[in-house]
Amino acid sequence: MDKAFSNLLKYIDKLPHTKREQVYQWVKRYVDPTSSVGGRLINEMRETRFKDGFECPHCTSEHVVRFGKVKGRQRYRCKSCLKTFTDTTNTVLYRTRKGDEWITFVDCMFKGYSLRKSAEIVGVTWVTLFYWRHKLLSALKQMDFDHFEGIIEVDETYFLYSQKGQRGITERKPRKRGGKSKHRGISHEQVCVLVARDRTKATVSKVSCMGRIVKTKIETIIGTKLSSDNVLVTDAWRAYKTYAKEKGLKHYRIKSDDGKHVIKGLYHIQNVNSFHSRMKKWIDRFKGVATKYLDNYLAWFLFVDSRSNENTKQHIKELLLTSFVFEMTETFESLRLSKFSA
């Protein structure tokens with residue numbers, strides 16, 4: 001037995017990285033079965049989703065009773081609308097027959113593996129994993145907070161508009177690996193991503209518009225999170241000045257041309273610029289992101305960045321539990337046929 005075990009270890013050591021990862025995931029599920037979605041995690045998901053009591057996902061009524069089981073999962077019936085549901089109805093795991101594989105896939109997401117490499121490890125097609133990824137991220141981007149505190153740094157960054165994955169593009173020649181804009185500087189070929197971040201690291205990062213940011217988009221994205229107690233720190237773009245004045249906010253403008261990057265030793269936009277840098281570097285690994293999915297990737301980065309990109313069992317579980325709380329009704333068709341609008 002010892003000799004066979006030694007030979008097994010030698011054989012595993014000679015396997016390519018993807019095959020070794022497959023062996024690791026299989027052993028992990030065998031040694032620690034409680035990490036499976038079909039085990040303890042599904043109970044935690046139920047408790048997280050229904051922490052305030054059972055509620056019908058169809059009509060939000062609280063008049064819910066048990067109604068048998070479906071394929072081993074508890075089914076419920078709403079006494080108001082008479083519809084049935086399970087713990088996973090209208091969540092990322094709805095109609096998913098592969099439970100354990102979700103854990104493995106989220107692990108691959110944290111490790112930064114491509115969809116094709118992840119497909120080899122998880123054991124499903126990369127097209128299915130693309131659908132899983134965006135189901136998960138569509139739920140994750142619903143994460144939010146009530147308001148900013150104190151000083152808020154606001155600045156925008158830009159991505160070239162992309163129709164990656166779309167066939168039959170007629171208005172321009174297809175680009176390879178992202179390509180370059182036909183215009184110098186900021187133009188309407190570029191997608192503006194507005195990032196606002198306070199000193200507690202509460203962050204909003206969302207697609208706002210095409211081209212330069214305007215005050216109406218600033219209000220749409222962060223207006224409800226601001227109060228008269230906040231101090232706005234931005235670059236010198238005039239839209240911020242106009243917005244702060246109309247909102248009655250104290251405002252500091254960082255003008256790069258005069259060489260001053262910090263005002264009174266406290267007011268700067270270095271944190272948000274650092275966030276931009278990390279975000280751009282992280283998104284570069286995807287070799288271009290379709291603009292219609294960009295908000296999903298921004299939500300993904302915000303989650304992993306807030307956890308220092310660490311791949312731990314707790315973070316994998318947290319990602320699934322967090323996404324499970326939010327309603328997710330996207331289908332493969334709705335994701336594939338979705339269009340960008342700004």
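Glu246 sits in helix 8, which spans residues 238–247; helices here are DSSP runs of H or I with at least four residues, strands are runs of E with at least two, and both are numbered from the N terminus. The model is a predicted one, in which local features need pLDDT of at least 70, side-chain atom pairs count only at pLDDT 80 or more, and totals for chains, interfaces and linings use all residues. Residues are numbered from 1 along each chain as its sequence is written, and side-chain values use heavy atoms, with hydrogens and water left out.

With a relative accessibility of 55%, Glu246 counts as exposed. The classes are set as follows: buried is under 20% relative accessible area, exposed is over 50%, and partly exposed is in between, with a 1.4 Å probe and protein chains only. The side chain of Glu246 forms a salt bridge with that of Lys215, at 2.6 Å from N to O; the term requires a side-chain nitrogen of Lys or Arg within 4 Å of a carboxyl oxygen of Asp or Glu. This pair links distant parts of the chain, since Lys215 belongs to helix 7 (residues 215–222) and Glu246 to helix 8, 31 residues apart. Between their C-alpha atoms the separation is 9.7 Å. Lys215 is partly exposed, at a relative accessible area of 32%.

Helices 7 and 8 are also linked by a salt bridge between Lys247 and Glu219. Here the closest N and O atoms are 3.1 Å apart, and the partners, Lys247 in helix 8 and Glu219 in helix 7, are 28 residues apart. Lys247 counts as partly exposed at 32% relative accessibility, and Glu219 likewise counts as partly exposed at 32%.

Another salt bridge joins the side chains of Arg307 and Glu318, again with an N to O value of 2.6 Å. Arg307 is in the loop between helix 10 (294–305) and helix 11 (313–325), while Glu318 is in helix 11, 11 residues apart from Arg307. Arg307 counts as buried, at 17% relative accessibility, whereas Glu318, at 23%, counts as partly exposed. By the rule given above, the count of salt bridges comes to eight.

Turning to the chain as a whole, the protein has 12 helices and eight strands. Of its 342 residues, 43% are buried. Contacts, defined by heavy atoms within 4.5 Å, often span long stretches of sequence: among those between residues at least 6 apart, 62% join residues at least 24 apart. The accessible surface comes to about 19,800 Å², and 51% of it belongs to carbon and sulfur atoms; such areas come from the Shrake-Rupley method with a 1.4 Å probe, and for residues only the protein chains shown count as cover.

What lies inside? The largest nonpolar core has 59 residues, and Met279 and Leu294 touch the most other members. Such a core is a set of buried Ala, Val, Leu, Ile, Met, Phe, Trp, Tyr and Cys residues joined through side-chain atoms within 4.5 Å. Because domain 1 (97–143 + 313–341) and domain 2 (151–165 + 182–289) both give residues to this core, it lies between them; the domain bounds come from an automatic or database domain assignment. Leaving aside residues up to four places away in sequence, Met279 touches Thr157, Phe159, Val193, Val195, Ser205, Leu298 and Phe301. Another core, of 22 residues, lies apart from the largest one and includes Ile152, Tyr158, Cys192 and Ile221.

On the surface, Trp126, Val127 and Phe332 make a nonpolar patch of about 250 Å². Patches are made of residues with over 30% relative accessible area and no salt bridge, like charges being joined within 9 Å and nonpolar side chains (Val, Leu, Ile, Met, Phe, Trp, Tyr) within 5 Å. Trp126 lies in helix 6 (residues 126–140) and is partly exposed, with a relative accessible area of 36%.

Finally, two loop residues have backbone angles worth a look. Leu82 has a phi near 65 degrees, a positive value in a residue other than glycine. This residue, Leu82, is found in the loop between strand 2 (73–78) and strand 3 (84–86), and counts as exposed at 53% relative accessibility. Lys264, also not a glycine, has a positive phi near 55 degrees. The loop that holds Lys264 runs between strand 8 (250–254) and helix 9 (270–284), and Lys264 counts as exposed at 66% relative accessibility.
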